[in-house]
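Me: I am new to this structure and should be grateful for a close look at a single part of it. Please give one connected account.

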Amino acid sequence: MRMGDRNVIELEQGWTHMRKGIAKLKNILEGIPEQPFTAEEYAILYTTIYNMCTQKFPFDYSQQLYERYREAFVEYINSLVLPVLRQKHDEFMLRELVNRWNNHKIMVRWLSRFFNYLDRYFTSRRSLPVLHDVGLTCFRDLVYQELKTTVRNAVISLIDREREGEQIDRALLKNVLGIFVEIGMGNMDCYENDFESAMLEDTAAYYSRKAASWILEDSCPDYMQKAEECLKREKERVSHYLHADSEQKLLGRVEQELLSQYENQLLEKEHSGCHSLLQDGKMDDLSRMYRLFCRIPKGLEPIAHFFKQHVTDEGTTLVKQAEDAASNKKSEKRDIVGPLEQTFVWEVIELHDKYVQYVSMCFVNHSLFHKALKEAFEVFCNKGVAGSTSAELLATFCDNILKKGSSEKLSDEDIEETLEKVVKLLAYISDKDLYSEFYRKKLARRLIFDKSANDEHERSILTKLKQQCGGQFTSKMEGMLTDLTLARENQPKFQKYLDDNANAHPGIDLTVTVLTTGFWPSYKSFDLNLPAEMVKCVEVFKEFYQTQTKHRKLTWIYSLGTCHLSGNFNARSVELIVTTYQGAALLLFNSAERLSYSEIKSQLNLSDEDIIRLLHSLACLKHKILIKEPSTKTVTQSDYFEFNANFTDKSRKIKIPLPPVDEKKKIIEDVDKDRRYAIDACIVRIMKSRKVLAHAQLVTECVEQLGRMFKPDFKAIKKRIEDLITREYLERDKNNPNMFRYLA
């Protein structure tokens with residue numbers, strides 16, 4: 001039959017020709033000797049399909065060819081593929097499956113080329129699956145559906161054998177699992193539902209059995225090493241043959257069985273758990289513990305709890321040891337922090353260094369462990385030792401580091417490093433205002449009595465404190481350093497003034513330090529009756545200071561002054577370095593050989609407390625410049641005193657210190673007073689912005705705002721609220737007594 005200029009190809013006629021081409025393709029795939037397809041053969045097969053699809057109705061055989069295309073695959077699979085696969089088992093079956101799948105894909109590629117014209121028009125117009133998908137679907141429906149369970153079990157069996165240490169053919173597994181992925185034709189449903197879910201269940205069961213055995217047999221470090229090795233191998237397993245999407249799910253199951261299920265049991269293991277690792281400094285094991293448990297949700301919280309408890313116990317032990325050592329030396333004066341307390345601060349610094357290193361190196365600076373460290377140190381750093389608060393201990397420690405003749409022989413770099421560490425410890429102290437006041441008192445003594453070893457270190461610690469606690473914390477201390485700098489600059493000017501006014505020179509070398517009220521601690525200022533020699537010095541400096549500024553009033557604090565006197569004894573002259581009070585008392589004996597207690601008191605115009613201190617230092621201690629009658633070790637108001645002309649000493653210059661005054665009580669009282677003002681100001685500030693506020697919320701906000709400097713007591717806040725109500729800053733709501741209103 002002819003159609004136009006072209007012969008019509010009947011269906012069976014054309015299919016007979018196509019069957020020959022398909023048979024040749026099957027032979028090639030089955031390994032039967034055949035010549036490869038030539039270009040001419042390919043062109044004839046393609047043209048046959050083309051012609052059969054482009055003939056006019058009723059000779060357009062597109063639908064029939066589309067169906068026979070599918071039937072060719074079905075026939076091939078049923079006759080040649082399935083019979084072979086059904087005869088093989090385990091690895092042999094897997095190898096055959098991979099081979100058959102690869103052959104099938106080759107067959108799909110070639111047949112879809114022969115039938116290509118169907119894809120160009122027929123499948124798109126009829127919205128039918130393309131030829132490639134039809135070919136793969138045949139394999140899925142006939143081979144995959146029948147064998148998927150057997151294949152899955154064989155693969156899982158091989159994986160379990162590998163877990164037990166056997167060598168397996170990883171390339172084979174990769175190819176088999178590739179079939180599960182490819183057979184999904186664009187989605188992962190077949191891989192996930194037919195293989196992955198069962199593999200994950202098997203993995204969970206496998207590691208559940210292992211973990212149950214290991215937790216009984218192994219120490220904590222050994223168990224963790226095994227767990228880490230297992231996780232490493234499972235990750236390698238993914239890279240070698242599992243699909244990348246399986247990694248998180250697989251590791252998640254392993255972590256669940258090995259870590260989540262046994263975390264508490266593992267951490268609490270006797271002699272090898274978390275506490276023991278911390279106790280023995282097993283940093284490698286602690287690092288491994290962090291690496292493992294950071295993988296699981298909230299896995300680090302129990303470790304952080306152990307860490308916090310361990311550090312707290314270590315610190316509390318240090319406090320108790322210091323307390324016990326101090327109680328054995330009750331003879332030591334408690335107002336001065338001795339070597340024991342100094343050692344305690346060093347030990348706390350070393351403890352902090354140690355566990356900061358743990359947080360950094362073992363726990364990778366995780367915020368949970370920084371928080372645990374902070375909370376642990378806050379517990380024991382706010383405990384006192386031998387009657388001294390932590391604030392006082394730190395302030396005295398800094399004083400010992402920074403003053404001349406320090407018992408701590410440190411280089412400049414070591415001092416800087418130590419000061420940095422002290423400031424870090426200060427962050428854990430709740431009473432920062434108390435530290436500030438103690439530190440300011442000690443700084444004042446270092447500066448006034450020229451005991452500071454290095455100005456750079458003094459400024460350096462203030463910079464560190466400023467960064468830690470804010471500018472307000474250090475503003476007064478910075479002012480103190482500025483005053484000393486100005487005083488040094490002022491001294492040459494005063495000397496020039498004396499040189500220019502010869503008549504004004506008092507005949508005594510005089511150095512004056514002008515302090516700004518407000519920067520410095522408050523000092524008692526008595527109207528000491530100065531000896532005539534000293535009166536002229538004071539008057540001369542007043543005249544000089546008037547030439548510098550006319551807007552400032554000078555108040556002299558003689559209790560902080562120092563005198564250098566020449567003591568003319570029978571043996572030889574000795575230079576005496578004494579306080580202004582001591583110097584004024586000694587100069588009285590230039591005009592009298594013998595003086596009573598009451599005579600000295602009336603001539604100096606000092607309190608009994610100061611008179612007893614200075615006479616005790618001159619007549620009862622090591623350097624007896626005065627002879628006391630009666631010769632006892634205490635000073636009474638009935639005593640008499642005379643100059644000890646027979647006093648001798650090996651040194652030509654001696655310093656006679658005054659017995660120290662216990663300033664701790666006054667400092668604490670001053671701080672309490674400042675706190676009352678701070679609480680008042682805070683309450684007014686909050687109420688001014690909020691206008692109306694409930695009692696509980698007011699207290700909470702007050703504690704929050706003041707917590708940076710000190711931990712306010714709830715009773716103290718309540719008392720200050722009542723006081724502000726009395727002073728008409730606030731009023732209670734008439735209907736609700738727990739509600740306060742701000743009165744403008």
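How many bridges join β5 to β7, and in which sense do these strands run?

Reply: The model is a predicted one. In it, β5 and β7 run antiparallel and are joined by three bridges. Across this pairing, Arg594 is placed opposite Glu642 of β7.

The pair belongs to an open sheet of three strands, ordered β5-β7-β6 and paired in the antiparallel sense. Its edge strands are β5, residues 594–596, and β6, each of which pairs on one side only. From one strand to the next, the twist averages 25°. In general, the strands of a sheet pair through backbone hydrogen bonds, in either a parallel or an antiparallel manner.

On the other side of the sheet order, β6 (residues 626–629) and β7 (residues 640–643) are linked by four bridges, again in the antiparallel sense. Here Lys628 stands opposite Phe641 of β7. The strand β6 also has two faces: Leu626 and Lys628 make up the covered one, while Ile627 and Glu629 make up the uncovered one.

Two helices accompany these strands. Helix α24, formed by residues 597–604, lies across β5 and β7 and runs at about 85° to β5. Helix α25, formed by residues 608–619, lies across β6 and β7, and its direction is at about 110° to β6. The strand β7 is thus a partner of both edge strands, and both helices lie across it.

How values were computed. Residues numbered from 1 in each chain as written. Predicted model: local features only at pLDDT ≥ 70, side-chain atom pairs only at ≥ 80, totals over all residues. Heavy atoms only, no water. Buried < 20%, exposed > 50% of the residue type's maximum accessible area, 1.4 Å probe, protein only. Pairing = 2+ DSSP bridges. Axes fitted to C-alpha atoms, helices over the stretch in contact; angles between N-to-C directions. Contact = heavy atoms within 4.5 Å.
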